[in-house]
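Colleague: I would like to learn how to read the buried side of a helix. Could you take me through a case?

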Amino acid sequence: MKTILVLAQHPDLPRAVQAALAQDSFRVVHRSDAGEAEPFLNERLIDLCLLDAGGPDAQPIWSIEKIRRQLPRLPLFVFVNALPWEWEEEAYL
């Protein structure tokens, strides 16, 4: 079973992801930020991370850096639902 970590302030994204995936093949874990997800990151218990970077309290650069330090090869998808996205270039680098 693959584990997908969804970092989002609201539960809508993790619910949508869970509804779209086969329950017997994927486990979706929801945490509000990378700090709350620390046990999963430390123990390397996840196979993919989805980061909702559009929330008002989101700290996308901090979250990306934390994830990359601990799991540099982890597939990481960043969602942004608000414009402008001022930190796009920094996140890409």
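Modeller: The turns below go from the overall fold to one helix and then to one residue. This is a predicted model, in which local features need pLDDT of at least 70, side-chain atom pairs count only at pLDDT 80 or more, and totals for chains, interfaces and linings use all residues. Residues are numbered from 1 along each chain as its sequence is written, and side-chain values use heavy atoms, with hydrogens and water left out.

Colleague: In what order do the elements of the protein run from the N terminus on?

Modeller: Helices (H or I, at least four residues) and strands (E, at least two) are DSSP runs, numbered from the N terminus. Here the order is β-α-β-α-β-α-β-α, with 4 helices and 4 strands.

Colleague: Which residues of helix α1 are buried?

Modeller: Buried means under 20% relative accessible area, exposed over 50%, partly exposed in between (1.4 Å probe, protein chains only). In α1, residues 12-20, the buried ones are P14, V17 and Q18.

Colleague: Why do they lie on the same side of α1?

Modeller: An α-helix has 3.6 residues a turn, so residues three or four places apart point the same way. The buried residues of α1 cover an arc of only 100° around the axis, taken from the directions from the helix axis to the C-beta atoms. They pack against β1 (2-7), β2 (26-31) and β3 (48-52), while the face turned away carries the exposed D12, R15, A19 and A20.

Colleague: Is K66 buried or exposed?

Modeller: K66, in helix α3 (residues 60-70), is buried, at a relative accessible area of 10%. Contact means heavy atoms within 4.5 Å; leaving aside neighbours within four places in sequence, K66 contacts A34, G35, E38 and L41.
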